[in-house]
Each structure stands twice: as structure tokens, then as C-alpha cells.
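Visitor: I am new to this structure and would like to learn how to read it. Where should a reader begin?

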Amino acid sequence: MTSMIAKEQPHYIVVEGPVGVGKTSLARRLAETYESDPLLENVDDNPFLERFYQDPRSAALAVQLQFLFTRSQQVQALRQSDLFRPSFVADFMLEKDRLFAQLTLDENELRLYEQVYERVEIDAPIPDLVIYLQAPVDVLARRIAQRGRRSERAIDAGYLTRLSETYTRFFYHYDASPLLIVNAAGIDLVNNDRDYEQLLQQIRGIRSGRHYFNPAPIAL
């Protein structure tokens, strides 16, 4: 089954969504299914992130510039490797960097960030498919607490609400590539094979446009 799925896969899949929604775990599983290379952010490598969650104003610009440089380097490496036509599943898209900057920076910081952004050499490939995971704020908060990352202990519901709203606005207008919007609140795409297989069936049928996957959770 895996080999058959691999033949049908898009070349470049991106899984996106707010913190805690499960994008990295899903990206890992899709990469394994499709025998692709995972292209993952390592947020723990950002030395400013924990301080940002504790005191956003003191570290917002530093954390954002660190992510910008790291993400742009990863995307450039992806573009260069495209010569050999490997396939990738990523847990981020470069456009998210500006989303977070607009959410967290004040007017002067955002102006400086935009100047830096314009000078960073970025030639991001367009994904063949974007999977946007959604979940309510209480679900995000519960999942963040369950995974127990030290850097995320200070995340509050207000920040998660603003972040989720920012993602919703962005993907409302997004049309650069096929988009699958997934209600991930009541399903487990990593540990539940039935939920995951339903998602794969959705992916196999997508060639263009905007699609929605709103599965009902299994009654226990």
C-alpha cells in the first residue's frame, strides 16, 4: 500500500496551523508514508523563544529574525535540492514568518523586519498541496500542556486566540496552491489509523482548488 501511495503523492506537501495543532507530528507521518524527506522546523533551536513566551515585548523582534533566517535557509536548501527531484513534507511555509511578525511586532519593529525580509534572498517553491490544520483554542492549549515543552509553558489563551485568527484570515485568501482545510479537533491523525487513512483518501483526490475535511470523531 505504501508504494502505491508514494506514486500518487505530490512532490512538495506543507502542513500548517497554529502551535499545538499537530502539524509536525502529521508531517513526520506523511513523510514516512510517502517515503519523503521531512523538512521540519526545530523551534527548540531558537534561543529567544522561551523568553518571548514569557515576555513577548522583550524578545519579539529577536525571535522573529531568528526564525526568518532559519526558515529562509531551509527553503533555499529545498530549492537547490529540487534539481534531483526528491519529495518533501514540511511543517511550515515561509509565508508564516510574516504572519507571526505582523502579530507580534510593534510598528517600528515591523518596519525593520520588513526591510530585513526584503534583503534576505528567498526563492520559495510553491507547494503542490497545503494542509491547514484547525482546532479550537482549548484543544490547542490542552495539547501544548500534554507535550510539556519547557519553552511553551508561558503560552496563554489570548496569544493562541490571536494566532488562530491570524491563520484563519491568511488561509481565507490563500490560493497559491491546492489547499486542504482539516478540522483536527476531534481526531488523531498520528495514532489513529482510521483517521489517518481518511485523510490520505482526501489527499489522493486533490488536484486543485480548496477542500475541507471535517470528519466526525469515533464514538467510544
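The dialogue below goes from the whole chain to its sheet, its helices and one loop residue.

Guide: Begin with the kind of model: this one is predicted. Then take the inventory, which lists 9 helices and 6 strands in the chain.

Visitor: How much of the chain is buried?

Guide: Of the 220 residues in the chain, 49% are buried. Sequence separation adds to that picture. Among contacts between residues at least 6 apart in sequence, 80% join residues at least 24 apart.

Visitor: In which order do the strands of the sheet lie?

Guide: Read a sheet from one side to the other, not along the sequence. Here the 6 strands form an open sheet in the order β2-β3-β1-β4-β5-β6, with parallel pairing. At the edges are β2 (37-39) and β6, each of which pairs on one side only. On average, neighbouring strands of this sheet are turned by 20 degrees against each other, direction ignored.

Visitor: How many bridges join β4 to β5, and how many pair β5 with β6?

Guide: Bridges show which strands pair and which residues face one another. Strand β4 (residues 129-134) is joined to β5 by 5 bridges, and the two run parallel. The bridge partner of Y132 is I181 in β5. Turning to β6 (residues 210-213), this strand pairs with β5 in the parallel sense over 4 bridges. There, I181 stands opposite Y212.

Visitor: Why is β5 described as largely enclosed?

Guide: Compare a strand's buried residues with its length. In β5 (residues 179-183), 4 of the 5 residues are buried, so this strand is largely enclosed by the rest of the structure.

Visitor: What does the pairing of β2 look like?

Guide: The method of reading is the same as before. Strand β2 pairs with β3 (residues 88-90) in the parallel sense over 3 bridges. D37 stands opposite F88 in β3.

Visitor: Which strands does α9 touch?

Guide: For a helix on a sheet, ask which strands it meets and at what angle. Helix α9 packs on the sheet and touches β4, β5 and β6; its direction makes about 165 degrees with that of β6. Helix α8 (residues 157-173) lies across β1 (12-16), β4, β5 and β6, and runs at about 145 degrees to β4.

Visitor: How do the axes of α2 and α9 cross?

Guide: For two helices, take the distance and the angle together. The axes of α2 (residues 23-33) and α9 (residues 193-204) come within 12 Å and cross at roughly 70 degrees. Angles of 65 to 115 degrees count as roughly perpendicular, so α2 is roughly perpendicular to α9. The crossing is right-handed.

Visitor: Which residues meet where α2 and α9 are in contact?

Guide: From α2 come L26, R29, L30 and T33; from α9 come D193, Y196, L199, L200 and I203. The residues of this contact divide into 6 nonpolar, 1 polar and 2 charged.

Visitor: Which residues of α2 are buried?

Guide: The buried residues of α2 are K23, L26, A27, R29, L30, A31 and T33. Just after α2, E35 takes a positive phi of about 55 degrees.

Visitor: Is D106 buried, partly exposed or exposed?

Guide: Place the residue before reading its accessibility. D106 is in the loop between α5 (95-104) and α6 (107-119). Its relative accessible area is 33%, so D106 is partly exposed. The C-alpha atoms of D106 and L61 are separated by 8.9 Å, while the two residues are 45 residues apart along the chain.

Definitions and conventions: Residues are numbered from 1 along each chain as its sequence is written. This is a predicted model: local features need pLDDT of at least 70, side-chain atom pairs count only at pLDDT 80 or more; totals for chains, interfaces and linings use all residues. Side-chain values use heavy atoms; hydrogens and water are left out. Axes are lines fitted to C-alpha atoms, for helices over the stretch in contact, and angles run from 0 to 180 degrees between N-to-C directions. Angles under 35 degrees count as roughly parallel, over 145 as roughly antiparallel, 65 to 115 as roughly perpendicular and the rest as oblique. A crossing is left-handed if the near helix is turned anticlockwise from the far one by less than a right angle, and right-handed if clockwise. Contact means heavy atoms within 4.5 Å. Ala, Val, Leu, Ile, Met, Phe, Trp, Tyr, Cys and Pro count as nonpolar, Asp, Glu, Lys and Arg as charged, and the others, Gly among them, as polar. Buried means under 20% relative accessible area, exposed over 50%, partly exposed in between (1.4 Å probe, protein chains only). Two strands pair if DSSP finds at least two bridges between them.
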